[in-house]
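Work through the exercises below with the sequence and model open beside you. Try each task before reading its solution.

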Amino acid sequence: MDRHSTIENSQTLFAEVVVNEATGQHALHSSAFFEKDQVVTTFSASNIFDEPNYLTIQLNDEQHIALEPQCLQFTNHSCEPNVFFDTTNMLLVALRDIKPGEEFSFFYPSTEFNMARPFTCLCQTENCLKEISGAFHLSNNELKKYRLTDFILKKLSIQ
């Protein structure tokens with residue numbers, strides 16, 4: 001049995017947090033239909049850190065933010081994501097059409113250069129990369145399949 005909490009932003013009811021009772025894992029699910037390239041919601045920093053942690057999004061080499069609205073921290077990873085955190089404009093954007101009830105997911109290396117907590121991916125998608133540790137650890141060929149933040153694009157051009 002899953003537990004649900006509905007989340008609203010200033011514009012619309014956009015998501016609900018679903019808790020898997022068996023595993024305790026939280027996931028953010030869409031409460032509405034979103035078309036490809038549509039803004040799902042805006043976001044901001046509730047806190048800014050100089051070191052990453054498993055709940056932060058990287059803005060630059062010195063800044064990692066905790067997300068506001070806080071429910072966005074439950075946007076889990078997928079190697080076939082349906083949303084993108086645009087950290088330049090502070091927008092969560094649909095990468096493809098998203099149906100109500102569908103889990104929001106993003107590609108962690110799209111915002112993270114070198115992750116604080118690398119992990120073995122269990123998304124089981126056709127093109128799963130298996131080991132997720134940040135954009136620095138992926139080939140240009142792997143990364144070109146994804147939308148990446150301006151910060152990550154700039155970092156990769158320096159490397």
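**Exercise 1: a sheet built around E7**

E5 and E7 are antiparallel partners, joined by 5 bridges. The model is predicted.

Task: Find the residue that stands opposite Asn47 in E7, then give the strand order of the sheet and explain what its edges look like.

Solution.
- Step 1. Start with the pair. Asn47 lies opposite Ala66 in E7.
- Step 2. Place the strands. The sheet is open, has 3 strands and follows the order E5-E7-E6, with antiparallel pairing.
- Step 3. Read the edges. Strand E5 (44-49) and strand E6 (57-58) each have a single partner strand, so one side of each is left without a neighbour in the sheet.

**Exercise 2: the sheet with E9 and E10**

Task: State the order of the open sheet that holds E4, E10 and E9, and name the residue in E10 opposite Phe85.

Solution.
- Step 1. The order is E4-E10-E9, and the 3 strands pair antiparallel.
- Step 2. Strand E4 (39-42) and E9 are the edge strands, each with a single partner, so one side of each has no neighbour in the sheet.
- Step 3. From one strand to the next, the twist averages 20°.
- Step 4. E9 and E10 run antiparallel and are joined by 4 bridges. Within this pair, Phe85 faces Leu92 in E10.

**Exercise 3: the E2-E3 hairpin**

Task: Describe how E2 and E3 pair, what sits in the turn, and whether each strand is largely buried or exposed.

Solution.
- Step 1. E2 and E3 pair in the antiparallel sense over 5 bridges.
- Step 2. Check the register. Ala15 stands opposite Ser30 in E3. Glu16 has His29 of E3 as its bridge partner.
- Step 3. Look at the turn. The two strands form a hairpin with 5 residues between them. Gly24 in that turn has a positive phi of about 80°.
- Step 4. Apply the burial cut-off, which is under 20% relative accessible area. In E2, 6 of the 8 residues are buried, so this strand is largely enclosed by the rest of the structure. E3 is mostly covered too, with 4 of its 5 residues buried.

**Exercise 4: the nonpolar core**

Task: Which residues have the most contacts inside the largest nonpolar core, and which element gives the most to this core?

Solution.
- Step 1. The core has 38 residues. Those with the most contacts inside it are Phe14, Phe34, Val40, Leu72, Phe85 and Phe104.
- Step 2. Two or more residues come from each of E2, strand E7 (64-68), strand E9 (83-86), strand E10 (91-94) and helix H2 (150-158).
- Step 3. E2 gives the most, with 4 residues.
- Step 4. Set this in context. In soluble globular proteins, nonpolar side chains tend to be buried together.

**Exercise 5: two pockets**

Task: Give the volume and the lining classes of the largest and the second largest pocket.

Solution.
- Step 1. The largest pocket holds about 980 Å³ of space. Its lining has 41 residues, and Gln25, Thr75, Asn76, His77 and Tyr108 lie nearest its centre.
- Step 2. Elements giving two or more residues to this lining include strand E2 (13-20) and strand E3 (26-30).
- Step 3. By class, the lining has 19 nonpolar, 17 polar and 5 charged residues.
- Step 4. The second largest pocket has a volume of about 160 Å³. Among its lining residues are Cys79, Phe84, Lys145 and Arg147.
- Step 5. That lining divides into 6 nonpolar, 2 polar and 3 charged residues.

Methods:
Residues numbered from 1 in each chain as written. Predicted model: local features only at pLDDT ≥ 70, side-chain atom pairs only at ≥ 80, totals over all residues. Heavy atoms only, no water. 1 Å grid on protein atoms, 1.4 Å probe; cavity = no way out; pocket = protein on both sides within 12 Å on 5 of 7 lines; lining within 4 Å. Points joined across faces, edges and corners; volume = space filled by probe spheres on them. Nonpolar A, V, L, I, M, F, W, Y, C, P; charged D, E, K, R; others polar. Core = buried A, V, L, I, M, F, W, Y, C linked by side-chain atoms within 4.5 Å. Buried < 20%, exposed > 50% of the residue type's maximum accessible area, 1.4 Å probe, protein only. Pairing = 2+ DSSP bridges. Axes fitted to C-alpha atoms, helices over the stretch in contact; angles between N-to-C directions.
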